[in-house]
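Reader: I've just opened this one and I'm new to it. Could you walk me through why things get the labels they get?

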Amino acid sequence: MPETLTGGCQCGAVRFETKLVGRASICHCRMCQKAFGSFFGPLVSAHDGHWTRGEPKWFQSSNVARRAFCGECGTPLAYETKYGLELAIGAFDDPAKVAPAIQVNLNDKLPFFDTLTSLPIKDDPSDEWLDFMAGVHSHQHPDHDTAEWTVKGA
């Protein structure tokens, strides 16, 4: 029996679950870059994916695909074509369970992508940064399903 995988948006207004996942990928196409506001779009096929709390808003990003996002907080959630639904890997409660296995649409891959892991690492935070982080109180939905959740920070 496959494990039920859950996830949702940052504010908790939209939640999903799936048991039957397919190939996980990172897509370098320009539409995914813009939809995620990032260097790529991390997606996994969800053959039985469905919404368990709320409904996302949809944007018809091309003549063949639409993209789902939370209408409250803007979190990118899904990509859908006639071939099915793909869910955003980062929106899963445990993204490591759907780690990417392939890269696609390399024509739009940003030229610096392959060198990102060689960037310097700042691992000695300043006192000012530590003070700032100590004062952070997250309004983000926890990484698990909840019976109830009130959107915070709105």
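Reader: Let's start with Trp 129. Why does Trp 129 count as buried, partly exposed or exposed?

Author: First, keep in mind that this is a predicted model. Trp 129 has a relative accessibility of 45%. Buried means under 20% and exposed means over 50%, with partly exposed in between, so Trp 129 counts as partly exposed. You'll find Trp 129 in helix 2, which covers residues 127-134.

Reader: What makes the nonpolar surface patch there?

Author: Trp 129, Phe 132, Met 133 and Val 136 make a nonpolar patch of about 410 Å². To join a patch, a residue needs over 30% relative accessible area and no salt bridge. Trp 129, at 45%, clears that area cut-off, and so does Val 136, at 43%. By the burial rule, Val 136 is partly exposed, and its place is in the segment after helix 2.

Reader: How far is Val 136 from Leu 110 in space?

Author: Their C-alpha atoms are separated by 32 Å, with the two positions 26 residues apart along the chain.

Reader: Let me zoom out. What pattern does the protein follow along the sequence?

Author: Read along the chain, the pattern is β-β-β-α-β-β-β-β-β-β-β-α. That is two helices and ten strands. The C-alpha trace spans about 50 × 45 × 35 Å along its principal axes, and buried residues make up 33% of the 154 residues.

Reader: Which residue is a clear case of buried, and what makes Ala 88 get its label?

Author: Take Ala 88: its relative accessibility is 2%. The cut-off for buried is under 20%, so Ala 88 counts as buried. Ala 88 sits in strand 9. Ala 88 and Phe 69 are 19 residues apart in sequence, and their C-alpha atoms are 9.8 Å apart in space.

Reader: On to the charged pairs. Why is the contact between Asp 93 and Arg 15 called a salt bridge?

Author: In general, side chains of opposite charge can pair when their charged atoms come close. The rule asks for a side-chain nitrogen of Lys or Arg within 4 Å of a carboxyl oxygen of Asp or Glu. For Asp 93 and Arg 15 the closest N and O atoms are 2.7 Å apart, so the pair passes the 4 Å test. Asp 93 lies in the loop between strand 9 (84-88) and strand 10 (102-104), while Arg 15 is in strand 2 (residues 15-18), so this pair ties together parts that are 78 residues apart in sequence. Both residues are buried, too.

Reader: What makes Arg 66 and Glu 80 a salt bridge?

Author: Their N to O distance is 2.7 Å, which is within the 4 Å cut-off. This pair links distant parts of the chain, with Arg 66 in strand 7 (residues 66-69) and Glu 80 in strand 8 (residues 76-81), 14 residues apart. Arg 66, at 29% relative accessible area, is partly exposed. Glu 80 is partly exposed as well, at 25%.

Reader: How do you know that Lys 97 and Asp 94 belong on the list of salt bridges?

Author: The closest N and O atoms of Lys 97 and Asp 94 are 4.0 Å apart, and the pair is counted as a salt bridge. Lys 97 is partly exposed, at 43% relative accessibility, and Asp 94 is partly exposed, at 35%. Salt bridges with shared partners join Glu 3, Asp 94 and Lys 97 into one network. The count for the protein comes to six salt bridges.

Reader: And what lines the largest pocket?

Author: The largest pocket has a volume of about 220 Å³ and is lined by 16 residues; Cys 27, Tyr 79, Glu 86, Val 104 and Asn 105 lie nearest its centre. Strand 3 (21-27), helix 1 (30-36) and strand 4 (41-46) each give two or more residues to the lining. Strand 3 gives the most, with three residues. By class, the lining has nine nonpolar, four polar and three charged residues.

Reader: What is noted about the phi of Asn 105?

Author: Asn 105 has a positive phi of about 55 degrees, although it is not a glycine. Asn 105 is in the loop between strand 10 and helix 2. At 43% relative accessibility, Asn 105 counts as partly exposed.

Definitions and conventions:
Residues are numbered from 1 along each chain as its sequence is written. This is a predicted model: local features need pLDDT of at least 70, side-chain atom pairs count only at pLDDT 80 or more; totals for chains, interfaces and linings use all residues. Side-chain values use heavy atoms; hydrogens and water are left out. Patches are made of residues with over 30% relative accessible area and no salt bridge: like charges are joined within 9 Å, nonpolar side chains (Val, Leu, Ile, Met, Phe, Trp, Tyr) within 5 Å. Accessible areas come from the Shrake-Rupley method with a 1.4 Å probe; for residues, only the protein chains shown count as cover. Helices (H or I, at least four residues) and strands (E, at least two) are DSSP runs, numbered from the N terminus. Buried means under 20% relative accessible area, exposed over 50%, partly exposed in between (1.4 Å probe, protein chains only). On a 1 Å grid over the protein atoms alone, a cavity is a set of points where a 1.4 Å probe fits but cannot get out, and a pocket is an open set with protein on both sides within 12 Å along at least five of seven lines; lining residues have an atom within 4 Å of a point. Grid points are joined across faces, edges and corners, and a volume is the space filled by probe spheres set on the points. Ala, Val, Leu, Ile, Met, Phe, Trp, Tyr, Cys and Pro count as nonpolar, Asp, Glu, Lys and Arg as charged, and the others, Gly among them, as polar.
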